[in-house]
Amino acid sequence: MICIGIESTAEKLGVGIVTGDGEVLANEKAQYVPPPGSGIHPSEAAEHHAREIPDLVDRALEKAGVEPDELDLVAYSKGPGLGPCLRVGATAARTISLALRIPLAPVNHCVAHVEIGLLSAEREGLDFGYPTTLYVSGGNTQVIALKEGRYRVFGETLDLPIGNMLDTFARKVGLPHPGGPEIEKLAREADEPTELPYTVHGTDVSFSGLLTAALRAYEEGEPLENVCAGIQETAFAMLTEITERAAAQLNSDGVLLTGGVAANRRLSEMIHTMAEERGVEAHTVPPDLAGDNGAMIAWTGILVHEHGLSIRPEDVPKEATVEQKYRIDEAPVPWRG
Ligand code: AMP
Ligand code: MG
C-alpha cells in the first residue's frame with residue numbers, strides 16, 4: 001500500500017508519500033509567506049498553494065522513487081482550516097483520485113497530528129496505548145485524548161493559539177516571522193524572566209492578558225531577553241499544567257508533544273519533566289513530522305482506508321467535501337476503538 005497525502009489547511013502546503021508499514025518515503029513542503037508586517041490572507045495562501053501543488057506532487061513522487069501508477073490511495077485534509085486553502089488541497093486530491101481511479105481518504109487534520117506522533121513514538125520503541133497529546137501550533141492549542149472511541153479536546157486556549165501569540169509578540173517588537181524560534185533564542189540570554197500573568201481556567205488557558213502584559217513590560221524598558229523568557233516560562237507552564245491535568249484524569253500511558261511549537265526545547269523539557277514525575281513516557285515529535293505536513297495526512301489516510309472510510313472514485317464528485325470547522329471529536333477513529 002502506498003498513499004499520497006495532501007495537507008493544505010493553512011499557510012503551509014505539504015505532500016507526503018507513506019507506505020502501509022508507516023515508512024515515510026517523501027514529505028515535501030512549500031510555505032506561503034505573507035508580506036512583512038501583515039497576517040495570512042486565506043485567498044492569497046490558496047493562490048500560492050494552487051500554483052505550487054503540481055510541482056510539489058512531482059517532487060514528492062521523485063523523492064519517493066514512486067511512479068503515479070504505483071499509488072494505491074490519495075488522502076487530503078478535510079478540515080479544520082481556511083476554506084480557500086482546504087479547497088485547493090481537496091481539488092488536487094480529487095483530481096488524482098479520478099485520474100488514477102484510486103480511492104480518496106478524507107482526514108481530520110488534528111487527528112493526523114496525533115496519529116503521526118504515535119507512529120513517531122512507536123518508531124522510538126515507545127508504546128502509548130492511551131496518550132494525552134499537547135498540540136501546539138500557529139493556529140491551534142489543544143490537549144487531546146482518546147475517550148469512548150473518539151479523540152476529544154480536554155483543554156484548549158480560550159483566545160489566542162500559543163504560536164499566534166508568540167508570532168504576534170515578535171512582530172510587535174520588530175522580530176522576524178516566525179517569532180517562536182526568535183523568542184526561544186533571546187530567552188536563553190535572559191538574566192531573569194519577567195513576571196507575567198498566569199491564566200489557567202480549569203483545563204483551559206488564555207494568552208491575551210499575558211501578551212498585553214509582555215508588550216507593556218517591553219515598552220516600559222524591560223530587556224527584551226527577560227520578556228521573552230517570561231513569556232516562555234509562563235505560557236509553557238500553563239500548557240504543562242493543563243496537559244498534566246488531562247493525563248492524570250485519564251490515566252494516560254504517555255504524553256505526546258506535537259505541532260510547530262513542539263520544536264521549542266524549553267517546552268519539551270517541561271513536558272518531559274512532568275511526565276517523568278508522573279512515571280509515564282513522553283515523546284516530542286521531531287519538527288519534520290510535528291509541523292503541518294503531508295506525511296501525517298497520508299499515514300492517517302491509510303488508517304481511514306483500512307477501516308472502510310475512504311471514498312470510491314465513482315463517489316468522489318459528491319462525497320469529497322471540506323469542512324472549515326471539522327472538530328476532532330466528529331472524526332471517526334475506529335482503529336482506536
Ligand atoms: P505550525 O502552525 O504547526 O506550522 O507551527 C508554526 C508555529 O510554530 C509558529 O507560530 C512558530 O512561531 C512556532 N514555532 C516554530 N519553532 C518554534 C520554537 N522553537 N519555539 C516556539 N515556537 C516555535
Ligand atoms: Mg496543524
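Here are three short exercises with worked solutions on the predicted model above.

Before you start: local features need pLDDT of at least 70, side-chain atom pairs count only at pLDDT 80 or more, and totals for chains, interfaces and linings use all residues of this predicted model. Residues are numbered from 1 along each chain as written, chains are lettered from A and ligands numbered from 1 in written order, and side-chain values use heavy atoms, without hydrogens or water.

**Exercise 1. The metal site**

Find which residues coordinate the magnesium ion (ligand 2), and work out which parts of the chain His109 and Tyr135 tie together.

*Solution.* Start with the donors (N, O and S atoms within 2.8 Å of the metal, or 3.2 Å for Na, K and Ca; water is not among the atoms, so sites may look incomplete). They are His109 (NE2), His113 (NE2), Tyr135 (OH) and Asp292 (OD), at 2.0 to 2.4 Å. Next, read their spacing in sequence: H-x3-H-x21-Y-x156-D. His109 belongs to helix α3 (residues 109-123) and Tyr135 to strand β6 (residues 131-136), so this pair links parts 26 residues apart in sequence. Helices (H or I, at least four residues) and strands (E, at least two) are DSSP runs, numbered from the N terminus. Finally, check burial, where buried means under 20% relative accessible area, exposed over 50%, and partly exposed in between (1.4 Å probe, protein chains only). His109 is buried at 2%, and Tyr135 is buried at 0%.

**Exercise 2. Helix α4**

Decide how many residues of helix α4 (residues 162-172) are buried, and say what covers them.

*Solution.* Count first: eight of the 11 residues are buried, so the rest of the structure largely encloses α4. Among them are Met165, Leu166, Asp167 and Phe169. Then look for the cover, using contact (heavy atoms within 4.5 Å). It includes β6, β7 (141-147), α5 (179-187), α6 (208-219) and α7 (224-250). Just past the helix, Gly174 has a positive phi of about 85 degrees.

**Exercise 3. Around ligand 1**

List the polar contacts of ligand 1 with Lys12, Gly180 and Asn264, and find how much of the ligand the protein buries.

*Solution.* For a ligand, a polar contact is a pair of N or O atoms within 3.5 Å. A polar side-chain atom of Lys12 is 2.4 Å from a ligand oxygen atom. A backbone N or O atom of Gly180 sits 3.0 Å from an oxygen atom of ligand 1. An N or O atom in the side chain of Asn264 is 3.0 Å from a nitrogen atom of the ligand. Now the area (Shrake-Rupley method, 1.4 Å probe): alone, ligand 1 exposes 510 Å², and the protein buries 90% of that.

How values were computed. A polar contact is a pair of N or O atoms within 3.5 Å; within protein, one must be able to donate a hydrogen and the other to accept it, and residues adjacent in sequence count only if both atoms are side-chain atoms.
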